[in-house]
Amino acid sequence: MSGSERPGGRGRRTEGDERSERPGGKRAGGPRKAQEIFDATLDLLAAHGYEGLTIEGVAQRSGVNKTTIYRWWPSKGALLGAALIGARRLDFELPDTGSLQGDLEALLRAIVTLLTAPPSCDIAVATLGAVTHSPELAGHIREFFADRLARELPVFERAVARGELAADADPALLVDLLAGAAWFRLTLRQLPLDQDFVSRTVRTVLKGASAPDAL
């Protein structure tokens, strides 16, 4: 594919298009006002849910012609997937506390904030709720989680190097256990989180809940 072609090989990049590097070195393409488009997408999702999200609405809110949006993202599922990965408002700083316990606590606190602080909590609930009804969106959400895990891997690589984590440990499983505990408690059980929820959850995932003499 030449530098003048857009993804999918159809059409040519216009003067307003650009390519950039996403965190992790993966190539990403999009129009010059991609952040405005992503922000509008997430705002409309939080306000109206996935059913109420339309590319026409995103175009109106972002001030970008809808043909430009369709040029890069042929559906609202593709657009939302790109927004979840590329929006700066959902970016996070990778923790480096010097210990696996500390790093995972920082990651879990970020997840708890995502699930409790508006508008990110509305974005998360609307997105994850829509996944079960949209196979296309589910594919884009898998890409989002794969991207997020790839950016979190240094936490686990450092822990292995320090001797805190077994070399064959599954980072995805550890993240799923932590995030799943928060999601289930907050969204399904509708219960508040105890003050020590984060530290206790990380400690249980890393060390287990069995009594010492039972091991």
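Residues 54–73 are 75% helix and 0% strand, and their end C-alpha atoms lie 12 Å apart. That's the stretch where UniProt, in an unreviewed entry, puts a "DNA-binding region". Keep in mind that this is a predicted model.

Next up is helix 4, which covers residues 76–86. Of its 11 residues, 9 are buried, so the rest of the structure largely encloses this helix. The buried set is G77, A78, L79, L80, G81, A82, A83, L84 and I85. What do these buried residues of helix 4 pack against? Their partners are helix 1 (34–48), helix 2 (55–62), helix 3 (66–72), helix 6 (120–131) and helix 7 (135–161).

Now for the rings. K76 sits over the face of Y50, 4.3 Å from the ring centre. As for ring-on-ring contacts, the structure has 2 aromatic pairs. One of them joins F144 and F145: the ring centres are 5.1 Å apart and the planes meet at 65°, so it's an edge-to-face pair. With the cut-off for edge-to-face at over 60 degrees, that 65° angle qualifies.

How buried or exposed are F144 and F145? Here's the rundown:

| Residue | Relative accessible area | Class |
|---|---|---|
| F144 | 13% | buried |
| F145 | 46% | partly exposed |

Buried means under 20% relative accessible area, so F144 makes the cut at 13%. F145, at 46%, counts as partly exposed.

Key: Residues numbered from 1 in each chain as written. Predicted model: local features only at pLDDT ≥ 70, side-chain atom pairs only at ≥ 80, totals over all residues. Heavy atoms only, no water. Buried < 20%, exposed > 50% of the residue type's maximum accessible area, 1.4 Å probe, protein only. Helix = DSSP H or I, 4+ residues; strand = E, 2+ residues; numbered from the N terminus. Contact = heavy atoms within 4.5 Å. Phe/Tyr/Trp six-rings, centres within 6.5 Å; stacked < 30°, edge-to-face > 60°. Lys NZ or Arg CZ within 6 Å of the ring centre and 35° of its normal. UniProt positions renumbered as here; feature names shortened; annotations may be inferred.
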